[in-house]
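Me: Please take a close look at one strand of this protein and its surroundings. I should like a connected account that moves from its pairing to its sheet, and from there to the bound ligand.

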Amino acid sequence: MTMVPLRKRMPSGRARAAHRRAPSESLSEYGLFFQQSLKSLRSTASLFPSSRFLTAALLEPVDFHSARILVELGSGTGAVTREILRRLAPDGRLYALDINGSFIRHLRRSYRDPRLLPLRANAEDLQALLSRHGVRHVHAIISSLGLTGMHPEQRTRIVGQAWACLVPGGVMTQYQYVHAIAGYPQLSKLRFHRFREGQFLRGLFREVGAQPVFLNLPPALVFTCRK
Ligand SMILES: C[S@@+](CC[C@H](N)C(=O)[O-])C[C@H]1O[C@@H](n2cnc3c(N)ncnc32)[C@H](O)[C@@H]1O
């Protein structure tokens, strides 16, 4: 990966203004997220978009000086997307995937940024999707997917593909809400479900670190995974 001077990385004043959050915009983002969560909480995994504290923790491990090709898994209403674009180099590219068509339409309407490609897609199809766009390797993956609530085979397929797409030394960040770490009873199967996300990620990645973020609803644990 080549280094570029900081001066070149900074988006223009116009681009910065485009990503500044207007009060009405953030209200509509919250409204849309809440509405879609009521329809499909299993998929959104939360009632609210990520806080700026969670967003910062997710992006802190990414080296925006050198990263050019980024993937966001589960972009939602764009809480993390906006901040990635603010930090991304002018010649960078962000593939933002979400399974929810309303979220993707919202991103397309809200961001006229040539570096952003919002894609309505299932993260399970990540490799096929990237190869359709001529992308063989990505430098960083930022994932907000609710891995805990997924079928074990589905999350293994998704995270396996994320690992395969990353360049050696590439980073993936992923979070788990604290209530999910504690586990919950599955009445239909008469058992207590507990998924240890850190352990699961350590089974794939060379190095996995964890950092709690309390200022989020709900609080979360952010995992930084290096290939
Ligand atoms: C916890 S929300 C995070 C949204 C946003 N990134 C944020 O931080 O506010 C998870 C997102 O993942 C999306 N999602 C869930 N399963 C998915 C899948 N299999 N493929 C792609 N997106 C998925 C949901 O639609 C939702 O937008």
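Reply: **Strand β5 and its surroundings**

Strand β4, made up of residues 138-143, runs parallel to β5 and is joined to it by five bridges. The model is a predicted one, and each value below has been computed from it. Two of the residue pairs can be located by name. V138 in β4 has L166 of β5 as its bridge partner, and I142 is matched in the same way with T173 of β5.

How many of the residues of β5 are buried? Of its 12 residues, 10 are buried, and the strand is accordingly described as mostly covered. Q176 is a residue of this strand. Because its relative accessible area is 2%, Q176 falls in the buried class, for which the limit is under 20%. The side chain of Q176 also has a polar partner: a contact of 3.0 Å joins it to the side chain of T148.

A further residue to examine here is G149, which belongs to the loop connecting β4 with α9 (152-165). G149 has a relative accessibility of 25% and therefore counts as partly exposed. The sequence separation between G149 and L41 is 108 residues, yet their C-alpha atoms are 10.0 Å apart in space.

**The sheet as a whole**

The two strands considered so far belong to a wider arrangement. The sheet is open and has seven strands, ordered β3-β2-β1-β4-β5-β9-β8, and its pairing is mixed. Its edges are formed by β3 (116-120) and β8 (207-213), each of which pairs on one side only. On average, neighbouring strands of the sheet are turned by 15° against each other, with direction ignored. As a general point, side chains in a regular strand alternate between the two faces of the sheet.

Is the edge strand β3 enclosed or open to the surroundings? Four of its five residues are buried, so β3 is largely enclosed by the rest of the structure. Its pairing partner is β2 (residues 93-98), and the two strands run in the parallel sense over five bridges. Within this pair, A96 stands opposite P118 of β3.

Beyond the other edge strand, the loop between β8 and β9 (220-226) contains P218. The peptide bond leading from L217 to P218 is cis, and its omega is near -10°.

**The ligand and its shell**

The ligand is surrounded by 23 residues, and the closest of them are T44, S50, G74, D98 and A123. By class, this shell consists of 11 nonpolar, 10 polar and two charged residues.

Which atoms of the protein approach the ligand in polar fashion? For S50, a polar side-chain atom lies 2.5 Å from an oxygen atom of the ligand. The backbone contributes as well: a polar backbone atom of I99 is 3.2 Å from a ligand nitrogen atom, and a backbone N or O atom of A123 is 2.9 Å from a nitrogen atom of the ligand. The ligand taken alone exposes 590 Å², of which the protein buries 97%. Three elements each give two or more residues to the shell, namely α4 (41-44), α6 (79-87) and β5 (166-177). The strand with which this account began is thus among the elements named for the shell.

Helix α6 is, like the strand, mostly covered, with seven of its nine residues buried. The buried residues are A79, V80, T81, R82, E83, I84 and L85. T81 lies in this helix, and its relative accessibility of 0% is why it counts as buried. The side chain of T81 makes a polar contact of 2.7 Å with the side chain of E72.

The other helix named for the shell, α4, is followed by a loop leading to α5 (52-59), and A45 is placed in that loop. Although A45 is not a glycine, it has a positive phi of about 65°. A45 counts as partly exposed because its relative accessibility is 26%.

**Returning to the strand**

In summary, β5 is joined in parallel to β4 by five bridges, has 10 of its 12 residues buried, and gives two or more residues to the shell around the ligand.

Technical notes
Residues numbered from 1 in each chain as written. Predicted model: local features only at pLDDT ≥ 70, side-chain atom pairs only at ≥ 80, totals over all residues. Heavy atoms only, no water. Near = heavy atom within 4 Å. Polar contact = N/O pair within 3.5 Å; in protein donor to acceptor, adjacent residues only side chain to side chain. Areas by Shrake-Rupley, 256 points an atom, 1.4 Å probe, with all protein chains shown as cover. Nonpolar A, V, L, I, M, F, W, Y, C, P; charged D, E, K, R; others polar. Buried < 20%, exposed > 50% of the residue type's maximum accessible area, 1.4 Å probe, protein only. Pairing = 2+ DSSP bridges. Axes fitted to C-alpha atoms, helices over the stretch in contact; angles between N-to-C directions.
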